[in-house]
Every structure is written in C-alpha cells, then in structure tokens.
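Thank you all for coming. I would like to take a few minutes to walk through one model, going from a single loop residue to a metal site and then to a helix.

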Amino acid sequence: MASARPKGPRPKHIPLRTCIACRQERTKRELVRVVRTPAMTVQVDSTGKLAGRGAYLCRNRACWEQALKSHRLGGALKTTLSPADLAALHDYAATLPETSGTTT
Ligand SMILES: [Zn+2]
C-alpha cells in the first residue's frame with residue numbers, strides 16, 4: 001500500500017522530463033529524446049520507443065547547441081559522441097526553431 005500521492009492541484013499525472021541543457025522540466029511532448037542504442041550509436045528517438053539510455057532536450061536549437069557544445073549530451077548518455085553522431089545531431093538541431101517560443 002505505497003500510494004504516496006502528493007496533495008496538490010494537479011488533476012492529471014503528466015510525467016515531466018528535464019532538458020539536459022537548460023534544466024527546465026517539460027512534458028515529454030515538448031522534448032526530444034535522444035537515445036544511445038545498445039550498438040553504441042546515438043540517435044534522435046522521435047517515437048520515444050527506442051531501447052537504450054535516453055536524454056531529453058527541448059525542441060529548440062539553443063538547447064541542442066548548448067548540449068552538443070558542452071559535451072553534456074555525451075555525459076548524459078554516458079558515451080562519447082562520434083563525429084558522425086555529432087554531425088547528425090547538428091543536422092537535426094538545424095531543423096528546430098531557434099527558441100521554443102510560445103507553448104502549446
Ligand atoms: Zn532546454
């Protein structure tokens with residue numbers, strides 16, 4: 001009987017994830033999951049279903065650039081990003097808006 005339900009005005013349970021760049025908590029829908037696969041490659045997980053160790057980033061370029069530049073993504077994934085991985089992630093980041101802008 002471990003139903004430790006915190007009291008508060010939150011009618012629905014919405015799981016939050018933390019962006020590894022800006023540390024903001026957001027819903028999974030607002031974030032992009034990056035996963036290190038068992039084959040030790042790193043890829044963007046647009047379905048959220050890939051196996052492996054994941055990290056979350058906002059859907060904006062600033063967070064991606066920061067995470068890639070600071071090697072924070074590799075640290076979060078407990079791996080070293082290969083040049084090919086980095087290039088692919090930079091390409092993906094280039095498709096994102098510069099900032100997250102308005103919500104919903
Ligand atoms: Zn962020």
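Let me begin with a question: is Thr37 buried or exposed? Before I answer, please keep in mind that this is a predicted model, in which local features need pLDDT of at least 70 and side-chain atom pairs count only at pLDDT 80 or more, while totals for chains, interfaces and linings use all residues. Residues are numbered from 1 along each chain as its sequence is written, and side-chain values use heavy atoms, with hydrogens and water left out.

Thr37 is buried, with a relative accessible area of 10%, where buried means under 20%, exposed over 50% and partly exposed in between, using a 1.4 Å probe and protein chains only. Thr37 sits in the loop between E3 and E4, and here helices (H or I, at least four residues) and strands (E, at least two) are DSSP runs numbered from the N terminus. If we leave aside neighbours within four places in sequence, Thr37 is in contact (heavy atoms within 4.5 Å) with Gln43 and Ala51.

Turning to the metal, the zinc ion has as its protein donors the SG atoms of Cys19, Cys22, Cys58 and Cys63, at 2.2 to 2.3 Å; donors are N, O and S atoms within 2.8 Å of the metal (3.2 Å for Na, K and Ca), and because water is not among the atoms, sites may look incomplete. The angles among the four donor atoms run from 103 to 116°, and the site is tetrahedral, a label given to four donors if all angles lie between 85 and 135 degrees. Along the sequence, the donor residues follow the spacing C-x2-C-x35-C-x4-C. Of these donors, Cys19 is buried at 0% relative accessibility, whereas Cys22 is partly exposed at 29%.

Cys63 also brings us to helix H1, residues 61-69, in which Cys63, Trp64, Ala67 and Leu68 are buried. Seen down the axis of H1, these buried residues fall within an arc of 125°, so they line one face of the helix; the arc is that of the directions from the helix axis to the C-beta atoms. Among the elements that cover them are strand E5 (53-58) and helix H3 (83-94).

After H1 comes His71, with a positive phi near 65°.

Finally, which residue of H1 is linked to H3 through an aromatic pair? Trp64 lies in H1 and Tyr92 in H3, so their pair ties together parts that are 28 residues apart in sequence.

Conventions: Four donors count as tetrahedral if all angles lie between 85 and 135 degrees; four count as square planar and six as octahedral if opposite donors are over 155 degrees apart and all others between 65 and 115; anything else is irregular.
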